[in-house]
Amino acid sequence: MRFDIMTLFTSLIDGVLSESIIGRARAAGIVEINTHDIRDYSENKHRRVDDTPYGGGMGMLMSPVPIYNCYQAVLDTMREKPDISRRVIYMSPQGSVLTQDKAKELLEYDNIVILCGHYEGVDQRIIDEIVDEEISIGDYVLTGGEIPACVLVDCVCRMIDGVLSDAECYELESIASGMLEYPQYTRPYDFRGRLVPDVLLSGHHANIEAWRQEAALEKTRKVRPDLLYKAKGKEK
């Protein structure tokens with residue numbers, strides 16, 4: 001799977017996505033992640049990419065021209081693969097909120113192109129011209145789309161074959177399983193008077209699994225009851 005991220009801050013994205021599990025998958029060639037500096041495609045001699053918005057208002061708006069030029073350059077690198085399936089995403093607080101189900105949908109594509117906005121956002125015309133959908137990582141505003149882009153790439157990449165050692169690594173995690181994950185423990189057995197539940201030391205796998213399911217259900221009821229309501233809605 002290939003990701004192409006159009007941004008003003010390539011080093012920020014490369015710094016995050018070159019570490020840990022995603023970094024190793026990238027180095028091994030399991031996933032391809034390319035960053036593209038939008039400034040390189042500005043037609044202004046000062047590499048300017050923003051301007052004041054028509055109608056007035058606070059801040060600066062990213063111009064559609066360098067973004068479009070950058071996008072065309074991305075497409076040019078894949079001319080030999082005309083049938084590649086592609087999804088162009090703009091990371092925006094106005095988009096639909098990223099979920100595990102959405103991440104699974106994105107696995108269907110060979111190439112995901114991500115546009116990272118900055119300043120007061122981007123000219124609406126570039127969204128209308130090239131973007132397939134807008135995605136948000138939550139109901140809050142950040143200074144740019146770079147961190148959300150990293151979140152999206154990480155979320156999708158973890159489900160690509162070979163990135164994790166086994167599908168169970170993500171299928172049983174919180175949210176992915178439909179509930180929050182059960183509490184987990186490691187050594188020492190006694191930490192400041194807080195003991196590991198005895199059932200986990202019993203060696204009885206059926207009892208351990210039953211405890212984990214009940215603990216996950218109880219934690220979900222307490223912290224995220226909305227997940228249980230969603231599950232009931234799907235059953236109907």
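Which residue in β6 is the bridge partner of Arg 86? Select Arg 86 and then Asn 111, because Asn 111 is that partner in β6.

Before moving on, note that this is a predicted model, where local features need pLDDT of at least 70, side-chain atom pairs count only at pLDDT 80 or more, and totals for chains, interfaces and linings use all residues. Residues are numbered from 1 along each chain as its sequence is written, and side-chain values use heavy atoms, leaving out hydrogens and water.

**The sheet**

Now select β5 (86–97) and β6 (residues 111–116), which pair in the parallel sense over 6 bridges. Strands are DSSP runs of E, at least two residues, and helices are runs of H or I, at least four, numbered from the N terminus; two strands pair if DSSP finds at least two bridges between them. Widen your selection to the open sheet of 5 strands, in the order β2-β1-β6-β5-β7, with parallel pairing. β2 (32–37) and β7 each have a single partner strand, so one side of each has no neighbour in the sheet.

**The helix on the sheet**

Next, pick helix α6 (residues 146–157), which touches β1, β2, β5 and β6 (contact means heavy atoms within 4.5 Å).

**The pocket**

Finally, select Tyr 90, Met 91, Ser 92, Pro 93 and Gly 121: of the 25 residues lining the second largest pocket, these are the closest to its centre. A pocket is an open set of points on a 1 Å grid over the protein atoms alone, where a 1.4 Å probe fits, with protein on both sides within 12 Å along at least five of seven lines; lining residues have an atom within 4 Å of a point. β5 gives the largest share of this lining, 5 residues.

Terms used:
Axes fitted to C-alpha atoms, helices over the stretch in contact; angles between N-to-C directions.
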